[in-house]
Amino acid sequence: MSTQPTVDTRTAPATSGLGHSLKQRQLTMMGLGSAIGAGLFLGSGKGIEAAGPAVLVSYLAAGTLIILVMWALGEMAAANPNSGAFSVYAQKALGSVAGSTVGWLWWLQLVVVIAAEALGAASLLVSIWPVLPVWVLTLVFMVVFTAVNLTSVKNYGEFEFWFALLKVAAIVLFLAFGAALLLGWIPGAASPGLGNFTNHGGFAPNGLTGIATGLFVVVFAFGGTEIVAVAAAETANPVRSVAIAVRTVVWRILVFYVGSIFVIAAILPWNSPDLDSPFAGVLNSAGIAWAGTAITLVAVAALLSALNANLYGASRMVYSLAGRGEAPAIFGRTSPRQVPLAAVAVSVTFGFVAVVLELLFPGRVLDALLNLVGSTCLIVWGTALVSQLVLRRRAGRDGTPLPLRMAGFPVLTGIGLALLAAIFAVGFFGAQSRAQLIGTFALVAGIAVVCRLAQRRQGGKAPQKA
């Protein structure tokens, strides 16, 4: 049986209120733009430092999970394209509290990530152009990308397409350079071979604990891919667009991530100080200093592209929550250009708070932000898989046709849930990952309580139909 989703070419109804001018190529690049950011250009070095070359195991495990999650999301998004995406599907499958909880959790996650990516881009730029303080550049980035997201979605989509295309091209060139260096084809640069996979303490120098810690760095890296399901609501043909985006985004991300990590881990020892900026470190190791500067500039562009995509996703999620009565009504209003202005504004607020925090505590904010949202993706992905399991069975029982079907159901959905459970179990072996999990569970419980109390305050009134 093929594991690719099967497609019915009928167009599903789209969400009203927002525009439908996003093109399929823009949707695909948005998925890449959201996922290829701080997690790859900054977090990859931290993952290798934690797990050594064994971080490749972490990437393969998380990569397999995100493929299954994307297939499940693709099926649900084609049947019901909605800016609330997995929040809406959780509401339909598991109830209103579950839907609003996962929606607010994802929104909070992206709000933090937006700040982290602005700070990360500023920090990288300062490392090669120390003219302005990090906090000033962070402020500039936040102002610019807030303005971009306040324009029409068509202009935003085109901007994100070319931004994302730049970093995709750069990663392809990086992979080609890394392969040439490992094969000894770079004049004047000795090939390190594959010795770094067995030297310096072996393939897994920090054991299972290191792999567990690295796994949560990796999970953060893959977070954001699910924005494809959110953006489907603003495409003209959600079924076709989602089907193509799901197929292309997942394999490209795996090639880019696993390929890049393989190159970095092979060329740089896991305890190398160059892992603070791993892409530049690889190029500098070959004696090409200017190339290191160039890749740093590309990394800055990549972070800003991810910031741009995540701000879009966050604004659309809170817009959807408002439309269902789970957020203040003002966030559900759109401008004449069909842009939710208030939703964009509230989604950038924490980014500006991070500017102040960086001014007060220079150099200490970025790591704290990266640790804060490391495992929230797992809750979102798990909810998506459970929702698809429930809704697919319900559709089969009711005889409801689905325009896009995830093949291998329910086996592949079950494998995804089993893999997710294994990641949670492994996470408790590492002190840092265990703390992240406990913090995430506490955060989810707190959001759920607040959502339930808010609904009770409304007199038990159910959220509006999605």
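**Reading a predicted chain: core, helices and backbone**

Student: Which residues touch the most other members of the largest nonpolar core?

Tutor: In this predicted model, they are F86, Y89, L378 and W381, out of the 158 residues in that core. The helix that gives the most to this core is α13, with 19 residues. As background, nonpolar side chains in soluble globular proteins tend to be buried together.

Student: What does L378 touch, leaving out residues up to four places away in sequence?

Tutor: Its contacts are L65, F216, V219, L420, I423 and F424.

Student: How many helices and strands does the chain have?

Tutor: There are 18 helices and 2 strands. The radius of gyration is 21 Å, close to the 23 Å from the globule rule for 466 residues, so the chain is as compact as a globular protein of that length. Along the principal axes, the C-alpha trace spans about 70 × 50 × 40 Å.

Student: What share of the contacts with a separation of 6 or more comes from residues 24 or more positions apart?

Tutor: That share is 82%. As for burial, 59% of the 466 residues are buried. The chain exposes about 17200 Å², and carbon and sulfur atoms supply 68% of that area.

Student: How far apart are the end C-alpha atoms of helix α6, and what span should its 33 residues give?

Tutor: Start from the rise of 1.5 Å a residue: helix α6, residues 96-128, should span 48 Å, and its end C-alpha atoms are 49 Å apart, which agrees. Burial can be read for the helix as well. In α6, 26 of the 33 residues are buried, so this helix is largely enclosed by the rest of the structure.

Student: Is S315 buried or exposed?

Tutor: Buried means under 20% relative accessible area, and S315 has 0%, so it is buried. S315 is in helix α13, residues 289-323. An α-helix has 3.6 residues a turn, so residues three or four places apart point the same way. Beyond four places in sequence, S315 touches A343, V344 and S347. Its side chain also makes a polar contact of 3.1 Å with the side chain of R316.

Student: Which residue of helix α5 has a positive phi without being glycine?

Tutor: Most residues other than glycine have a negative phi. A85 has a phi near 40°, a positive value. A85 belongs to helix α5, residues 85-94, and its relative accessibility of 0% means that A85 counts as buried. H200 also has a positive phi, about 55°, and is not a glycine. H200 sits in the loop between α8 (153-182) and α9 (207-222). At 38% relative accessibility, H200 counts as partly exposed.

Student: Where is the cis peptide bond between F409 and P410, in terms of the loop that holds P410?

Tutor: Most peptide bonds are trans. The bond joining F409 and P410 is cis, with omega about 0°. P410 has its place in the loop between β2 and α17.

Student: Is G408, in that loop, buried or exposed?

Tutor: G408 lies in the loop between β2 (404-405) and α17 (411-427). With 18% relative accessibility, G408 counts as buried, since the limit is under 20%. Separation in sequence and in space can be read for G408 too. G408 and G47 are 361 residues apart in sequence, and their C-alpha atoms are 32 Å apart.

Note on methods
Residues are numbered from 1 along each chain as its sequence is written. This is a predicted model: local features need pLDDT of at least 70, side-chain atom pairs count only at pLDDT 80 or more; totals for chains, interfaces and linings use all residues. Side-chain values use heavy atoms; hydrogens and water are left out. Helices (H or I, at least four residues) and strands (E, at least two) are DSSP runs, numbered from the N terminus. Buried means under 20% relative accessible area, exposed over 50%, partly exposed in between (1.4 Å probe, protein chains only). A polar contact is a pair of N or O atoms within 3.5 Å; within protein, one must be able to donate a hydrogen and the other to accept it, and residues adjacent in sequence count only if both atoms are side-chain atoms. Contact means heavy atoms within 4.5 Å. The expected span of a helix is 1.5 Å times one less than its number of residues. A nonpolar core is a set of buried Ala, Val, Leu, Ile, Met, Phe, Trp, Tyr and Cys residues joined through side-chain atoms within 4.5 Å. The radius of gyration is taken over C-alpha atoms; the globule rule is 2.2 Å times the number of residues to the power 0.38. Accessible areas come from the Shrake-Rupley method with a 1.4 Å probe; for residues, only the protein chains shown count as cover.
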